[in-house]
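Trainee: Please take me through one part of this structure closely. I would like to look at a sheet and what surrounds it.

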Amino acid sequence: MTALAALLLALAANAAPETLTFGPPAAHAEARVEADGCLTSVRVGGVEFFTSAPSFPRGAYLFRDKFVPQPDVRRVDEHTVEAAGDHGASRYVAGPDNLTWTITNSGDKPLLGVIVMAAPVLAVHGDDDRWARPPVGRPWHAMT
């Protein structure tokens, strides 16, 4: 079985996406985690912040030499969705005014967390207290 066929079977087995809401109710903020573990949408007040296509790019995803699928997606509680695969895992937690994406590397090679911002996003703010125009190639631990 090819890797693509295995991925398609895994996606078919768990095809329902999970949606998290975050922030105050007036913000109408939600995030969507797909069956492959990608965070394909972050929408606040009807404005989409990520770019996602059916094939690639996938919004926020793991990358190690190629796309890293996380087909074991499960809702932990009202505020948390976890996704896991052979090489890494993601934990998405909806907070009162934020959404946190935590990555776990389960391999011996570096694992990247990649976010593809929508074209209207003009700047992002990193944990080094600097602003930058996307795309950004910095190793930030937190981003606004």
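Mentor: What follows covers one sheet, a hairpin within it and the nonpolar core. This is a predicted model, in which local features need pLDDT of at least 70 and side-chain atom pairs count only at pLDDT 80 or more, while totals for chains, interfaces and linings use all residues. Residues are numbered from 1 along each chain as its sequence is written, and side-chain values use heavy atoms, with hydrogens and water left out.

Four strands (DSSP runs of E, at least two residues, numbered from the N terminus) make an open sheet in the order E7-E8-E9-E10. Their pairing (at least two DSSP bridges between two strands) is antiparallel. Strand E7 (72-77) and strand E10 (99-105) are at the edges with a single partner strand each, so one side of each has no neighbour in the sheet. On average, neighbouring strands are turned by 15 degrees against each other, direction ignored (axes are lines fitted to C-alpha atoms, and angles run from 0 to 180 degrees between N-to-C directions).

Within this sheet, E9 and E10 form a hairpin, with four residues between them. Seven bridges join E9 (residues 88-94) to E10. Ser90 has Ile103 as its bridge partner, and Ala94 stands opposite Leu99.

Leu99 is also among the contacts (heavy atoms within 4.5 Å) of Leu39, leaving aside neighbours within four places in sequence; Tyr92 is another. Leu39 is one of the residues with the most contacts inside the largest nonpolar core, which has 19 residues. Such a core is a set of buried (under 20% relative accessible area, 1.4 Å probe, protein chains only) Ala, Val, Leu, Ile, Met, Phe, Trp, Tyr and Cys residues joined through side-chain atoms within 4.5 Å. Strands E8 (80-84) and E9 are among those that each supply at least two residues of this core.

Note on methods. Buried < 20%, exposed > 50% of the residue type's maximum accessible area, 1.4 Å probe, protein only.
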